[in-house]
Structures are given as structure tokens and as C-alpha cells.
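Q: I'd like to learn how to read this model feature by feature. Can you walk me through it?

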Amino acid sequence: MENSIETNKNKEVIIEVNDVKKVYKIGNEAVKALDGVSFTINKGDFCCLLGTSGSGKSTLLNIMAGIEKATSGEIRIKNQVITKMGENQLAKFRQKYLGFVFQAYNLINSLNAIENVEMPMIFKEVPKSKRVKKAKELLITVGLKERMTHKPTQMSGGQQQRVGIARAFVSDPEVVFADEPTGNLDSKTSHEIMTIIKKMAEEKNQTIVMVTHDPTMAKYADKIIEVHDGKIIKMYDGGNKNE
Ligand code: ADP
Ligand code: MG
């Protein structure tokens with residue numbers, strides 16, 4: 001499985017979403033969060049799920065990332081049907097191929113920046129010296145050379161999200177999922193964060209799936225998928241490829 005990595009950058013589909021539905025049941029009430037969603041994402045694309053609050057974006061992202069179960073339908077990533085995987089298989093798949101960036105950073109407050117970035121590599125049993133080396137490299141890439149031994153509470157929101165990005169990318173995931181990564185940040189910092197994510201993904205032809213309610217952030221994407229009331233209402237190319 002590790003051999004023969006094809007670098008057909010152009011049209012290789014990496015994620016397939018097939019007629020995914022999600023119904024939340026609360027008591028007698030059913031909320032249709034996703035109502036039959038289908039699309040594909042090509043390897044190396046920066047894809048944005050755009051929509052207002054409550055439209056179903058996070059539900060869709062979480063199902064695509066194997067964090068939540070679909071009520072029906074299928075998700076394939078790298079041609080593997082993740083909607084059929086058991087928890088153990090899914091956990092291994094996530095570790096190997098996926099990275100995550102969260103709106104609230106989700107860093108461990110008792111650990112410094114290097115230690116936070118090391119976390120995914122601990123699960124992968126990478127030796128300590130290699131972990132530290134890689135974590136430092138990534139922190140330098142995201143512009144935190146001077147903050148590597150700081151703890152989250154000693155950093156600004158933008159700096160914490162840089163740590164979050166370093167952690168997401170440190171194990172060279174093929175796909176990085178990000179749910180409102182700039183949702184807690186001011187406009188200037190948001191643009192800095194988007195630029196970092198985009199640049200990092202482009203370097204290794206990684207695929208990004210980002211959720212946002214903000215059309216300004218969606219402009220960083222190659223492909224924009226608009227979600228409304230659990231349905232896709234529009235799909236088009238993003239306009240800011242060179243910014
Ligand atoms: P978005 O991320 O676009 O704001 P969500 O995917 O979080 O939207 O939510 C879509 C719909 O599903 C909303 O109506 C929301 O209230 C509902 N929903 C989300 N998560 C749950 C849950 N765990 N239980 C019940 N309803 C939920
Ligand atoms: Mg959401």
C-alpha cells in the first residue's frame with residue numbers, strides 16, 4: 001500500500017460523497033441535517049463548504065472525516081469506503097491519512113507548542129528525537145520560531161491556530177479538514193491563517209476541506225460548494241487562486 005504513490009496532480013479524485021443523508025432524532029422530532037449530498041473532490045484541491053449557520057456544513061465535514069456516522073449514503077476517501085469501517089479501522093485511517101484544524105484550536109493547555117505538535121506523531125509511535133525535530137520544522141514554517149516553548153495560554157488566538165495548523169500538517173496527511181479555522185480570529189489574522197494553510201497544502205499537493213460561513217475566506221478555495229438546508233445549492237471554482 002505504501003509503494004507506487006501516483007502523482008497525477010490533475011484529475012485524481014480523492015474524496016467521493018455519494019447521496020449522504022443525516023437525520024438527527026431528538027425525542028419525536030427529526031432534524032434533516034443533510035438531505036442527499038453528492039460531490040467529488042480532486043487530490044490537491046482546496047475545497048470549501050460554504051453556508052450560513054445551521055445549513056449542515058459541520059455535519060457534512062464530520063461525516064466526511066469519519067467523526068460522525070451518516071444515516072445513509074457513502075463516503076470514499078482514497079477509494080476506501082470509510083462509512084463502512086469499524087471504529088478501530090477508522091481510527092487508523094484517520095491517523096494515517098487525515099489532519100484536523102478546529103475553530104477553537106483544541107490545543108492541550110498544559111503542553112507547549114512543540115509538545116502539542118508532537119501529539120499526532122506520538123500516536124504514530126514516531127521516536128521522540130524525530131518528533132521534536134519535525135515539530136520544530138513545522139512551527140518554523142507557520143512562523144512561530146520564537147514561540148516554540150510557549151503554552152497555549154501564553155499565545156494569541158492567531159498564534160494558537162498556527163500551532164493547530166502545524167499539528168494538523170505534521171504527519172503529512174493527504175487530506176486536512178478544517179471547520180471554521182478562522183472563526184475566532186480578526187480579519188487580518190484570518191487572512192494570514194488562510195495564506196498559511198493554502199501555502200502548506202500546495203507544497204505537498206495536500207487536499208483541504210474547509211467549512212466557513214464567510215465568503216471572504218471561501219475565496220481562498222479552488223472549489224466552493226454552497227450548502228443550504230442540508231442540500232448543495234451551488235458548486236463552482238473559487239476565484240482567488242493566485243492571491
Ligand atoms: P453548520 O455547521 O452549517 O452551522 P450543523 O451541521 O452544525 O450546521 O447543523 C445542521 C443542522 O443539524 C442544524 O439544524 C443543527 O441544529 C442540527 N444538528 C447538528 N448537530 C446536531 C446534533 N448533535 N443533534 C441534533 N441536531 C443537530
Ligand atoms: Mg458548524
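Q: Let's start with aspartate 172: how exposed is aspartate 172?
A: In this predicted model, aspartate 172 has a relative accessible area of 36%, so aspartate 172 counts as partly exposed.

Q: Which residue forms a salt bridge with aspartate 172?
A: The general idea is that side chains of opposite charge can pair when their charged atoms come close. Here the partner is lysine 134, with the closest N and O atoms 3.2 Å apart. Lysine 134 sits in helix H4, while aspartate 172 is in the loop between helix H5 (157–169) and strand E7 (175–179), so the bridge ties together parts that are 38 residues apart in sequence.

Q: Which residues are joined into one network by salt bridges that share partners?
A: Those are Lys32, Asp35 and Lys231.

Q: And how many salt bridges are there by this rule?
A: The count comes to 17.

Q: Which residue forms a salt bridge with arginine 131?
A: That's glutamate 118, and the closest N and O atoms are 2.8 Å apart. Arginine 131 belongs to helix H4 and glutamate 118 to helix H3, with 13 residues separating them, so to speak, as distant parts of the chain. Glutamate 118 also meets lysine 128 in a salt bridge, N to O at 3.2 Å. That second pair again links H3 (residues 113–123) with H4 (residues 128–141), this time 10 residues apart.

Q: Is glutamate 118 buried or exposed?
A: Buried, because its relative accessibility is 3%. Of its partners, arginine 131 also counts as buried, at 13%, whereas lysine 128 is partly exposed, at 47%.

Q: Let's move on to sheets. In what order do the 4 strands of the open sheet come?
A: As general background, strands of a sheet pair through backbone hydrogen bonds, either parallel or antiparallel. In this case the order is E2-E1-E4-E5, and the pairing is antiparallel. Strand E2 (29–42) and strand E5 (80–81) stand at the edges with a single partner strand each, so one side of each has no neighbour in the sheet.

Q: How many bridges join strand E1 to E2?
A: There are 11, with E1 (residues 13–26) running antiparallel to E2. One place to look is isoleucine 26, which stands opposite glutamate 29 in E2. Helix H1 (residues 57–64) packs on this sheet, touching E1, E2 and strand E4 (72–77), and its direction makes about 60 degrees with that of E2.

Q: What about the sheet of 6 strands: in what order do they come?
A: That open sheet reads E6-E7-E8-E3-E9-E10, with mixed pairing. At its edges are strand E6 (98–101) and strand E10 (231–237), each with a single partner strand, so one side of each is left without a neighbour in the sheet. On average, neighbouring strands here are turned by 15 degrees against each other, ignoring direction.

Q: Where can I find parallel and antiparallel pairs in it?
A: For a parallel pair, take E7 and strand E8 (residues 207–212), joined by 5 bridges. Alanine 178 stands opposite methionine 210 in E8. E3 and E9 also pair in the parallel sense, over 4 bridges, and leucine 49 has isoleucine 225 in E9 as its bridge partner. For an antiparallel pair, go to E9 and E10, joined by 6 bridges. Histidine 228 has lysine 231 in E10 as its bridge partner. The hairpin of E9 and E10 has 2 residues between the strands, and aspartate 229 takes a positive phi there, near 50 degrees.

Q: Which helices lie across the strands of this sheet?
A: H1 lies across strand E3 (46–50), E7, E8 and strand E9 (223–228), running at about 155 degrees to E8. H5 lies across E6, E7 and E8, at about 170 degrees to E6.

Q: Why is H1 described as largely enclosed by the rest of the structure?
A: Because 7 of its 8 residues are buried. Among them are Leu60, Leu61 and Ile63. Glycine 66, with a positive phi near 75 degrees, follows H1.

Q: Last one: which residues line the largest cavity?
A: In general, rolling a probe the size of a water molecule over the atoms shows where empty space is left. Here the largest cavity has a volume of about 50 Å³, and its lining includes Ile63, Gly66, Ile82 and Leu90.

Notes
Residues numbered from 1 in each chain as written. Chains lettered and ligands numbered in written order. Predicted model: local features only at pLDDT ≥ 70, side-chain atom pairs only at ≥ 80, totals over all residues. Heavy atoms only, no water. Salt bridge = Lys/Arg side-chain N within 4 Å of Asp/Glu carboxyl O. Buried < 20%, exposed > 50% of the residue type's maximum accessible area, 1.4 Å probe, protein only. Pairing = 2+ DSSP bridges. Contact = heavy atoms within 4.5 Å. Axes fitted to C-alpha atoms, helices over the stretch in contact; angles between N-to-C directions. 1 Å grid on protein atoms, 1.4 Å probe; cavity = no way out; pocket = protein on both sides within 12 Å on 5 of 7 lines; lining within 4 Å. Points joined across faces, edges and corners; volume = space filled by probe spheres on them.
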